[in-house]
Amino acid sequence: MQQGVGVHIVSYKVGINFFPTALAFFKQLPLHKPLGLFTIVAISSCLQLSHAQVSPLFPDDIYADERARFLILEKSLRTLPKRRLEDLDAEIYGLANYPLYPYLLRLRLERTMSLKTQREVEQFLEDYAGQPVSYGLRYRWLNYLSSQGHENAFLSSYRDGMGAKLTCQALGYKLKRTDDPKPVLTDVDPLWYSGQSQPDECDPLFAKWRSNGLMTPDKVVKRIAIAAKEDNRRIIPYLKRQLPTSHQYLADAWSSVSRDVSLVNRTRLFPLKHKNSEAEILTWGIEKLAWRNPKAAIKAYNTYAPKNIFSEPELHIIQRAIALSATLDFLPEAHEWLDKADIAGASDDVKLWHVSFLLRGKQWQRVVDVIDAASPELQQEENFRYWKARALEELGNVMQATVMYQQLSTERNYYGFMASARINSQPNLAHTPAPLVQSAVHAIANTPATQRAMEFYRLERSTSARREWRYLLSNLPDSQVTDAGVLAYEWGIYDQAIISFAKSGYWDDVERRFPLAFESQFSEKSETYDVSKAFAMAIARRESSFMVDAVSPVGAAGLMQLMPGTAQYLAKKKVSRHTLFQVENNLDYGVQYLRYLGDKLDNNPVLVSASYNAGWRKVLEWLPAGEALPVDIWIENIPYKETRSYVKAVLAYQYIYEHQLGENKNVFPQLTQDVIPSSSAVSTHPVTGTLQLAPH
């Protein structure tokens, strides 16, 4: 016992005082010497200390020693000369029972890839088909075989869907082996329909395809359209040369309109020789133009619609774009175009914006009429039920409105909570926890995919861990996905718990779907910056589902999805993405930013949440130009669909977290009383000179 404690203490000192992480520790070790007992114990202890920070709810760590050996072998497989890799085989196979053993096998296969290892590679791909450990290996193997000219092995290993380059090579190899090219060449069409230039490997295939008469003018025009819509005009001159003279003007029209959509009003580009093809160009161009200049789009529509060149679906596309753009720009033509666009066959958002437009003018009877004209399915959507009740209430039909509010108040969403507030009833969370069936959860915990995910979490390789968890969910029977959500929650992997419950469709386990993740840190930051704790948690839940290393497509990072520029503005110094992945730092900047927005926007939670998503300058632009608007009407008229959904979600989540935290609060009754002030309330801060909403 004393010896074990002593080793643990020494390991602790090594892990904390000399190396910031276990990974840094093992990087210092020589690769040419076998691992001693003390070294393995030291690394494993260091790993335990490092990864204890990931989640205190993780199960007992039974693989600490194996993990230490895995890290050493992994580095060796990546760095040792190829001729020395055989020396590692015994140590690799010694980890056959370790969950990440397949990843060592893959590394070895990648380093030793040759025609001699074909059997091993193909066996690995078969054994681990569809599993994350095999991702990308077949692609790499095929590229190797192609580079070496091993055509038979290539065709044996090739599978559909491997990308344009490998597909073209596979079809090219098949053409060499057949006397009848037509069946092979029928597979070329999907490769042809690309808006980008295809790899050089496809050129001989396209030449054969063309020489066999399979390149028609319609196929060329279709590819020109794809390229133009993808803003890739560089290949249009080449494609134009493949057309007969009678069709070449279509290439010019696509090129011109994709460069400047206002050119749809240049009638000489559209002689109506090939009406269907020209109608496609005009539909695309007028739709794009409508979002930039709806009046110019109306002019083009009025020019070509009387010529009857548009199909019914094309008319829906054009009318929708003009109607919605005119509505968002507050044009007087909006009413006319909404009536014109809101017809059978139109997209659902036309009806939504028709109602929103009428709400803005408080045309309550028209709101009822438009909703009643919707399809039965659409009328049952919670937003239309709420707005019909709201309109009936305003029209004095209080009894019918109350009945509708009562029905809606049983639902756990933004509209249900708003309906509850309007009849002074408590929102219904309908919390029904998923049963914790120990045998079912234990079985999932011991699947290979779960074990691999857990090991990656302990190694702080969250991306690989999530990849394994997604594989787990995709291969579980539907009845067990909820059990996986329960397991993830019990282990403190909250983002995967949320994802698992969403995939299973078990929506009623409110406590697990809205976990009190990082509660102590939220408490500290909320108190420091005087921000509602429930509001801050609602923002984080919506932003990242509590995924600490989440990164958005635009670069927002961490729990509260901070943009580096925002964090740097608050910190007055450079802030790295790694810093934003640290929970303490991310919450500090995120909650501080909420305080900043609250100060700028008169502590209005609706405007603050909208600004967190879309930016406060944009939100100030959205303030009503005339009189103030009720909160619910303003939210319904937020121009950005994403922000509109975001605000509704955050407000609903805020109430859920108020309940979860045991706070005797409910944001919704106040929302039914509040208004969003007009743009006249915007002023300039006397010190900073920036715009702000004047306090009440």
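**Loops, helices and one disulfide in a predicted model**

Student: Where in the chain does D530 sit?
Tutor: The place of D530 is a loop, not a helix. This is a predicted model. The elements on either side of the loop are helix 33 (519–529) and helix 34 (533–544).

Student: Is D530 buried or exposed?
Tutor: The relative accessible area of D530 is 61%. The cut-off for exposed is over 50%, so D530 counts as exposed.

Student: Which backbone angle of D530 has a positive value, and what is it?
Tutor: D530 is not a glycine, yet it has a positive phi. The angle is about 55 degrees.

Student: Where is N308 found, and is it buried or exposed?
Tutor: N308 is in the loop between helix 18 (294–304) and helix 19 (312–328). N308 is not a glycine either, and it has a positive phi of about 55 degrees. Its relative accessible area is 67%, and exposed means over 50%. By that cut-off N308 is exposed.

Student: How many helices and strands does the protein chain have, and what share of its residues is buried?
Tutor: The protein chain has 42 helices and 4 strands. It has 696 residues, and the share that counts as buried is 52%.

Student: How many disulfides does a search of the whole structure find, and which residues form the link?
Tutor: The search finds 1 disulfide. The sulfur atoms of the pair are 1.9 Å apart, and a disulfide requires them to be within 2.5 Å. The link is right-handed, with 95 degrees about the S-S bond. The residues are C168 and C202.

Student: How far apart in sequence are the parts that C168 and C202 tie together?
Tutor: C168 lies in helix 10 (residues 164–176). C202 lies in the loop between helix 12 (189–192) and helix 13 (203–211). The pair therefore ties together parts whose separation in sequence is 34 residues.

Student: Are C168 and C202 buried or exposed?
Tutor: C168 has a relative accessible area of 2%, and C202 has one of 0%. Buried means under 20%. By this cut-off C168 is buried, and C202 is likewise buried.

Student: Which residues is Q169 in contact with, leaving aside its neighbours within four places in sequence?
Tutor: Q169 lies in helix 10, the helix that holds C168. At 11% relative accessibility, Q169 counts as buried. Its contacts beyond those neighbours are S146, F154 and E201.

Student: Why is helix 6 largely enclosed by the rest of the structure, and which helices do its buried residues pack against?
Tutor: Helix 6 (residues 101–111) is largely enclosed because 10 of its 11 residues are buried. Among them are Y101, L105 and R108. The buried residues pack against helix 4 (64–79), helix 5 (89–93), helix 7 (118–127), helix 8 (137–148), helix 28 (448–458) and helix 29 (462–475).

Student: Which residues does UniProt list for "domain: Lytic transglycosylase superhelical linker", and how much of the span is helix?
Tutor: The unreviewed UniProt entry lists residues 444–510 under that name. The end C-alpha atoms of this span lie 22 Å apart. Its strand content is 0%, and its helix content is 78%.

Student: What does the UniProt annotation for residues 522–623 say, and how far apart are the end C-alpha atoms of the span?
Tutor: The annotation, from an unreviewed entry, reads "domain: Transglycosylase SLT". D530 falls inside these residues. The span is 65% helix and 0% strand. Its end C-alpha atoms are separated by 31 Å.

Definitions and conventions. Residues numbered from 1 in each chain as written. Predicted model: local features only at pLDDT ≥ 70, side-chain atom pairs only at ≥ 80, totals over all residues. Heavy atoms only, no water. Helix = DSSP H or I, 4+ residues; strand = E, 2+ residues; numbered from the N terminus. Buried < 20%, exposed > 50% of the residue type's maximum accessible area, 1.4 Å probe, protein only. UniProt positions renumbered as here; feature names shortened; annotations may be inferred. Contact = heavy atoms within 4.5 Å.
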